[in-house]
Amino acid sequence: MKSGINNINWNFDNSYSKLPESFKEHIKPIKVKRPELVLLNEGLAKELDLNFSHVGKEELSALFAGNVLPENSNTIAQAYAGHQFGNFTMLGDGRAILIGEHLSKDKIRHDIQFKGSGKTAFSRNGDGRAALGPMLREYIISESMHNLNIPTTRSLAVVKTGENIIREVNLEGAILTRVASSHIRVGTFQYIAARNKIDELKILFDYVVKRHFPKLDESKNKPIEFLKIVLQKQIDLVVNWMRVGFIHGVMNTDNMSIAGETIDYGPCAFMDIYDPKTVFSSIDQMGRYAYCNQPIITKWNLSRLAESLIPLIDDEQNKAIELATKIINSFEKKYEDKWLEMMRQKIGLFGEEEKDKFLILDLLTWMHKKKVDYTNTFGHLMNVENIKDKVYDDIELKEWKKRWERRLLVNSSLEKSMKLMKSVNPLIIPRNHKVEESLQEANQNNFKPLNNLIKVLEKPYNNQNDIQEYQYPKNSKEKYQTFCGT
Ligand code: AMP
Ligand code: MG
């Protein structure tokens, strides 16, 4: 019988590592001094058909630190490029190592990746390491996104490395185990396209189709159909972000997954007061990635994907550009339709009426003018008991509600509408001050607030007992700032 870390049900089938050498570097994680497991996601482990129950903490710590590698893993760092704030750069996994692709029982393929496990060929000036705070932050927020029913990479475990890393101050080092449908990005296509080797571009494209979109195999113009599907997936994703007030913060093309999952939890945060121009990231001086810019940046990024595909679309370049442009230009209409559908659900409308758009925009305008909390306003419309604020007595809102109620009853009953609203309006989001507080405590080795926060975020649509402290933003004029996850 296999022992310890090889008796977990790992079922590796590593395909990316077989691609041409230029796609990646074969490299092992660098061992760390004193690994200590601080978080393990039992629910996710179950979904992956992994069983950690008979493995001791010491062995798990060594496993999730990369100090011992499971049988049949094949460790690589992946190459990619990306437009960062609009500027093209060659990048790659500078501090991440793919351990392998694990197949769960249903034959679904999952990348298992360590983030923070040492330098690679793509580290540039970085140390290849990650700090505890940002890795825990990624764990909290990515798992919260999953529970909000938004496609995302997942977090399986966090270990402390027992080593300090040097940033502005000394910080505790950590490694996050990230699980993704794949780590193929828009930037992966950009990287291969920039190498100007059509055979490599074909290999990448065929690989991605086989892995993510096998049905495309029958299409006439596969790259065009592929672009259409990725565009729709990204629209669905960004509409979901808008729904819950999520601001990604660093929508560079290397941080856009081809599989349509939210990826790269660096400076992201949730909006409290409704303001379309909200930006949290300290490095986003121009507001490029502000809440309201997320859809247009999605389109911009998709245009970069389209450019990379041009040589595959048609031998005649002009024709290829024309075909791709047509798809890219379908973005606005498709986005608006999807956004309207989502907003209708947020206020419980069934059916479609011309005037719905104005009803929705009038509510948002009121929210902006009165500087009210985005999440809680929908909670108020659902009559959630513990959401109280004098601002909801405002006459303008009362007038709006009369119009709204008239419209509700057109195709629905109050009961039916409330049910719909409850399925799309979260009562709990990761409030910035609660996230910060839990990270501060975790840095002092107290993981209780962090575990409590993770627990309440598991059921964001349910009215749980004693959750009021998680439901309100911090009552402070201080502007919340986030930093890239280093
Ligand atoms: P991000 O802002 O997380 O998307 O990272 C952009 C690029 O910087 C990616 O290629 C990362 O792998 C790389 N990177 C970020 N932090 C580090 C680090 N501490 N050491 C090496 N590379 C890093
Ligand atoms: Mg990134």
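**Note on the predicted model**

1. Helix H4 (residues 186-194) is mostly covered, with seven of its nine residues buried. Buried here means under 20% relative accessible area, exposed means over 50%, and partly exposed lies in between (1.4 Å probe, protein chains only). Helices (H or I, at least four residues) and strands (E, at least two) are DSSP runs, numbered from the N terminus. The buried residues of H4 are Val186, Gly187, Thr188, Phe189, Gln190, Tyr191 and Ile192. Their cover includes strands S4 (81-84) and S5 (87-90), and also helices H5 (198-212), H6 (222-244) and H7 (294-313). Just after H4, Asn196 takes a positive phi of about 55°.

2. On the basis of the model: this is a predicted model, in which local features need pLDDT of at least 70 and side-chain atom pairs count only at pLDDT 80 or more, while totals for chains, interfaces and linings use all residues. Residues are numbered from 1 along each chain as its sequence is written, chains are lettered from A and ligands numbered from 1 in the order in which they are written, and side-chain values use heavy atoms, with hydrogens and water left out.

3. On the overall fold, the protein has 16 helices and twelve strands. Its radius of gyration is 23 Å, close to the 23 Å that the globule rule gives for 486 residues, so the protein is as compact as a globular protein of that length. The radius is taken over C-alpha atoms, and the rule is 2.2 Å times the number of residues to the power 0.38. Along the principal axes, the C-alpha atoms fill a box of roughly 65 × 60 × 45 Å.

4. On burial and contacts, 58% of the 486 residues count as buried. Of the contacts with a separation of 6 or more, 72% are between residues 24 or more positions apart; a contact means heavy atoms within 4.5 Å.

5. On the surface, the protein exposes about 22200 Å², and carbon and sulfur atoms supply 49% of that area. Accessible areas come from the Shrake-Rupley method with a 1.4 Å probe; for residues, only the protein chains shown count as cover.

6. On the metal site, Asn255 (OD1) and Asp264 (OD) coordinate the magnesium ion (ligand 2) at 2.0 to 2.2 Å. Donors are N, O and S atoms within 2.8 Å of the metal (3.2 Å for Na, K and Ca); water is not among the atoms, so sites may look incomplete. Asn255 counts as buried, at 9% relative accessibility.

7. Arg344 is found in helix H9 (residues 331-346) and counts as buried at 11% relative accessibility. Leaving aside neighbours within four places in sequence, Arg344 is in contact with Leu349, Gly351, Glu352, Glu353, Asp356 and Ile360.

8. Leu420 lies in helix H13 (residues 414-424) and is buried, with a relative accessible area of 17%. Not counting residues up to four places away in sequence, Leu420 touches Gln345, Gly348, Leu349 and Phe350. Leu420 and Lys346 are 74 residues apart in sequence and 7.7 Å apart in space, C-alpha to C-alpha.

9. Ile108 is in the loop between strand S6 (96-103) and strand S7 (109-115), and counts as partly exposed at 43% relative accessibility. Apart from neighbours within four places in sequence, Ile108 is in contact with His102 and Leu103. The C-alpha atoms of Ile108 and Leu48 are separated by 8.8 Å, with their positions 60 residues apart along the chain.
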